[in-house]
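Reader: Hello! I am new to this structure, and I would like to understand the reasoning behind its labels. Could you show it to me?

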Amino acid sequence: MSQKKNIGIIGGGNMGQAMLSGFLQQGITANTLFVADHSANTCTQLNRNFGIYSATDNASIADKADILIVAVKPQQMRSVLERIAPCIVENKLLISIAAGITSMQIFTWLNKPNASIIRAMPNTPALIGEGITALYATPTVSEAQQQEAQVLLSCLGKILWIKKEEQMDTVTALSGSGPAYFFYMMEGLITAGIQLGLSQQDATELTLQTALGSIKMAVAQTNDLKTLREKVTSKGGTTERGIQTLTQGNFLNLLENTIAQASQRAKELSQEFN
Ligand SMILES: NC(=O)c1ccc[n+]([C@@H]2O[C@H](COP(=O)([O-])OP(=O)(O)OC[C@H]3O[C@@H](n4cnc5c(N)ncnc54)[C@H](OP(=O)(O)O)[C@@H]3O)[C@@H](O)[C@H]2O)c1
């Protein structure tokens with residue numbers, strides 16, 4: 001992507017900062033990055049930590065940006081979009097990362113049926129360039145804009161284009177929220193190790209390296225996940241007993257329900273903040 005494009009971000013919170021970090025690490029220059037946050041303190045911190053221009057006035061950042069990423073909470077989307085609507089001129093690409101908020105709602109709140117809107121669902125590993133961002137482009141987005149979004153958001157990790165917008169809720173539940181499930185599982189394994197006599201340091205090292213090694217094997221795809229699992233699970237052995245315990249506790253149903261509930265929450269957010 002041409003370095004001349006200005007990238008604006010509205011909302012300098014968790015995801016806004018994760019994206020900023022990813023962009024800077026991948027060589028996007030600080031003088032093309034502009035962030036708005038309604039807190040003056042946050043703006044000062046962003047300026048100090050990232051060396052980028054920041055302001056409390058959303059419209060001023062929306063004006064400067066060729067590509068504008070809106071990274072506020074779903075409940076703030078309507079008021080933010082209604083206020084910046086006059087800045088969303090032709091050829092400006094607006095990327096929303098809000099969970100649940102549909103492109104129809106965005107078009108309506110901007111009152112701009114021809115605006116170029118992409119919905120994106122990144123995740124926090126973006127901070128270290130190891131995220132995955134799912135993208136859905138509305139029909140008003142040009143091929144060139146899709147390419148720009150792809151190049152920009154590749155700074156955060158992998159990209160997956162989604163053809164049907166309704167799938168964004170499942171994506172949100174699976175990969176947007178996903179890091180939390182993995183962190184939660186690792187927290188639980190560490191706690192279990194400590195309860196059974198390991199030191200915090202040893203339990204943490206064993207858990208994190210086991211997770212890292214397993215993920216690397218899964219990603220290498222030398223075997224499918226079931227085969228990899230079976231290779232650890234000797235008949236009558238320790239792993240078999242552990243897996244039986246997970247099965248008796250309906251582990252897979254629990255995971256299915258987790259994703260279903262998170263996806264349902266994305267739909268509710270859309271309705272609540274309409
Ligand atoms: N966190 C994730 O892992 C993740 C993953 C994928 C997608 N998302 C989506 O990303 C969006 C942001 O999530 P987040 O976790 O980054 O939230 P967050 O940490 O609360 O960040 C939002 C930021 O926007 C600020 N803000 C609130 N109202 C504003 C306004 N009117 N104008 C300008 N700035 C305003 C907030 O300030 P205050 O804190 O003072 O309100 C905060 O600094 C959400 O829509 C979420 O669905 C998040």
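Author: With pleasure. Please keep in mind that this is a predicted model. UniProt, in an unreviewed entry, lists residues 7–100 as "domain: Pyrroline-5-carboxylate reductase catalytic N-terminal". Over residues 7–100 the chain is 44% helix and 20% strand, and the end C-alpha atoms are 23 Å apart.

Reader: Which other domain does UniProt list?

Author: The unreviewed entry gives residues 165–269 as "domain: Pyrroline-5-carboxylate reductase dimerisation". The chain over residues 165–269 is 82% helix and 0% strand, with the end C-alpha atoms 15 Å apart.

Reader: What makes the pair between Asp37 and the ligand a polar contact?

Author: A polar contact is a pair of N or O atoms within 3.5 Å. An N or O atom in the side chain of Asp37 is 2.6 Å from an oxygen atom of the ligand, so the pair meets that cut-off. The cut-off also admits His38, because a polar side-chain atom of His38 lies 3.0 Å from a ligand oxygen atom. For Asn14 a backbone N or O atom takes part, 2.9 Å from an oxygen atom of the ligand, so this pair counts too.

Reader: How much of the ligand does the protein bury?

Author: The ligand taken alone exposes 870 Å², and the protein buries 77% of that.

Reader: Where does the ligand sit?

Author: The ligand sits in the second largest pocket. That wording is used because more than half of the ligand's atoms lie within 2 Å of the pocket's grid points.

Reader: Which elements give two or more residues to the shell around the ligand?

Author: They are helix H1 (14–25) and helix H4 (74–84). H4 gives the most, with three residues. Met15, which lies in helix H1, is among the residues that come nearest to the ligand.

Reader: What classes of residue make up the shell?

Author: The shell has 10 nonpolar, eight polar and two charged residues.

Reader: Which residues does UniProt list as "binding site"?

Author: The unreviewed entry lists Ile10, Gly11, Gly12, Gly13, Asn14, Met15, Ala71, Val72, Lys73 and Pro74. They are spread over 65 residues of sequence, yet they cluster in space, with a largest C-alpha distance of 14.3 Å.

Reader: How do you know that Lys73 belongs to the lining of the second largest pocket?

Author: A lining residue has an atom within 4 Å of a pocket point. Lys73 is included in that lining, so Lys73 has such an atom. Among the other listed residues in this lining are Ile10 and Pro74.

Notes:
Residues numbered from 1 in each chain as written. Predicted model: local features only at pLDDT ≥ 70, side-chain atom pairs only at ≥ 80, totals over all residues. Heavy atoms only, no water. UniProt positions renumbered as here; feature names shortened; annotations may be inferred. Helix = DSSP H or I, 4+ residues; strand = E, 2+ residues; numbered from the N terminus. Near = heavy atom within 4 Å. Polar contact = N/O pair within 3.5 Å; in protein donor to acceptor, adjacent residues only side chain to side chain. Areas by Shrake-Rupley, 256 points an atom, 1.4 Å probe, with all protein chains shown as cover. 1 Å grid on protein atoms, 1.4 Å probe; cavity = no way out; pocket = protein on both sides within 12 Å on 5 of 7 lines; lining within 4 Å. Nonpolar A, V, L, I, M, F, W, Y, C, P; charged D, E, K, R; others polar.
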